[in-house]
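Work through the exercises below with the model open beside you. Try each task before you read its solution.

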Amino acid sequence: MEIVLSGIRSTGKLHLGNYFGALKNFVKMQHENRCFFFIADYHSLTTHPTPDDLHGSVKQVITEYLACGIDPDVATVFLQSDLPEVSELYLLLNMNAYVGELERTTSFKDKVRLQPNNVNAGLLTYPVLMAADIIIHKANKVPVGKDQEQNLEITRKFAKRFNHIYKVNFFPEPTAYNFGDDLVKIPGLDGTGKMGKSEGNGIFLADPPEVIRKKVMRAVTDSGPTRNNQEMSDPIKNLFTLMEVVSEPETGKFFLDKYNQCNIRYGDLKKQLAEDIIKFTNPFRERITEIYSNDAYLRRVVNEGAEKARLSASKTLREVREIIGFKPF
Ligand code: TRP
């Protein structure tokens with residue numbers, strides 16, 4: 001059984017793209033591996049959230065993961081900030097992380113460009129903390145998007161470096177967990193690329209029906225086909241792709257036939273799509289509302305998660321300290 005660890009950014013609500021992109025696979029994967037899911041709340045401090053924003057977004061994210069089917073009795077679900085062992089390993093790893101190599105990472109360079117007035121040391125050592133998150137549980141597999149591949153490569157470098165310096169074979173070198181064909185890319189509503197968080201592009205799992213209707217009705221279309229079987233423009237393709245994941249197959253076929261015969265009314269397609277999205281997201285939204293208001297349940301989940309996570313973290317840290325030379329007299 002593989003040890004799989006996923007770090008979850010504690011920013012923003014989950015949209016349909018997140019669900020079909022990774023979460024749906026996480027829910028399946030938790031039964032096939034030993035999974036750790038944690039909210040990277042220390043990492044989020046690099047952007048200086050207010051205390052209320054920090055707490056609020058951590059609560060929202062963990063609620064939504066649980067609502068989607070991450071099962072705290074199956075996987076280990078915890079908050080990064082509940083694991084003091086991670087901070088200690090981060091400190092130790094920093095001693096063998098070089099400023100030059102950290103400055104050269106793409107994500108750091110991006111951040112310098114994005115927040116030139118807040119180039120803090122936490123940003124520079126972001127990949128060191130991420131490495132600590134991963135290797136403290138001796139994880140073998142990490143599901144990461146394209147933007148995090150370099151950070152995972154740095155993790156391997158630090159794991160290898162530790163093993164080399166201390167002449168041990170202690171940390172495994174984690175690789176990316178690949179979902180292969182199960183990764184469904186969900187397009188946005190603005191006719192461009194993937195679904196994201198930007199205004200007018202995404203549908204959140206927590207969106208109420210009237211918001212979903214409004215967003216879908218405003219989705220970008222074109223002026224309609226003028227020839228039978230005309231090739232579709234991207235915005236229209238996107239609406240059909242969305243239909244493929246939320247609607248009955250007959251519904252998609254019905255509108256496709258209409259499109260091919262040039263008598264489609266995009267308004268009708270959108271109305272149907274909106275209702276099907278609502279039907280699909282309703283159970284999620286209900287569970288989100290229910291879990292979000294149940295502080296006792298959330299408290300129990302994170303407390304038990306921290307307890308479980310600290311078992312493997314403290315074991316690793318004890319051994320690391322010993323390897324480095326912090327030995328009892
Ligand atoms: N950097 C990741 C992101 O922005 C979040 C993260 C923090 C993470 N620690 C991790 C992901 C450890 C995987 C493993 O998405």
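## Exercise 1: The ligand's place

Task: Find where the ligand sits, and say which elements give two or more residues to the shell around the ligand.

Solution. Start with the pocket. This is a predicted model, and its ligand sits in the largest pocket. Next, look at the elements. Two of them, β1 (3-8) and α8 (126-135), give two or more residues to the shell around the ligand. Now weigh the shares. Helix α8 gives the largest share, four residues. Finally, list the shell itself. The ligand is surrounded by L5, G7, R9, F38, A40, H43, Y126, M130, D133, I134, V142 and Q148.

## Exercise 2: Polar partners of the ligand

Task: Which side chains have an N or O atom 2.7 Å or 2.9 Å from a nitrogen atom of the ligand? Add the distance for D133.

Solution. Take Y126 to begin with. An N or O atom of the Y126 side chain is 2.7 Å from a nitrogen atom of the ligand. Move on to D133. A polar atom in the D133 side chain lies 2.8 Å from a ligand nitrogen atom. Then turn to Q148. Its side chain has an N or O atom 2.9 Å from a nitrogen atom of the ligand. Last, check the cover. The ligand alone exposes 370 Å², and the protein buries 95% of that.

## Exercise 3: Helix α3

Task: Compare the reach of helix α3 with its expected span. Then name its buried residues.

Solution. Count along the helix. Helix α3 covers residues 51-67, which is 17 residues. From first C-alpha to last, α3 reaches 24 Å. That is close to the 24 Å expected at 1.5 Å a residue. Now check burial. In α3, V58, K59, Q60, V61, I62, T63, E64, Y65, L66 and A67 are buried. Then look past the helix. G69 follows α3 and has a positive phi, near 115 degrees.

## Exercise 4: A serine in a loop

Task: Is S247 buried or exposed? Find its polar partner too.

Solution. Locate the residue. S247 is in the loop between α11 (234-246) and α12 (249-260). Apply the cut-off. Buried means under 20% relative accessible area. S247 has 11% relative accessibility, so S247 counts as buried. Now find the partner. The S247 side chain makes a polar contact with the side chain of D276, at 2.7 Å.

## Exercise 5: The whole chain

Task: How many helices and strands are in the chain? What share of residues is buried?

Solution. Count the elements. The chain has 14 helices and five strands. Then take burial. Of the 329 residues, 47% count as buried. Finish with the box. Along the principal axes, the C-alpha atoms fill roughly 85 × 45 × 40 Å.

Note on methods
Residues numbered from 1 in each chain as written. Predicted model: local features only at pLDDT ≥ 70, side-chain atom pairs only at ≥ 80, totals over all residues. Heavy atoms only, no water. Expected span 1.5 Å × (residues − 1). Buried < 20%, exposed > 50% of the residue type's maximum accessible area, 1.4 Å probe, protein only. Near = heavy atom within 4 Å. Polar contact = N/O pair within 3.5 Å; in protein donor to acceptor, adjacent residues only side chain to side chain. Areas by Shrake-Rupley, 256 points an atom, 1.4 Å probe, with all protein chains shown as cover. 1 Å grid on protein atoms, 1.4 Å probe; cavity = no way out; pocket = protein on both sides within 12 Å on 5 of 7 lines; lining within 4 Å. Sits in = over half its atoms within 2 Å of the grid points.
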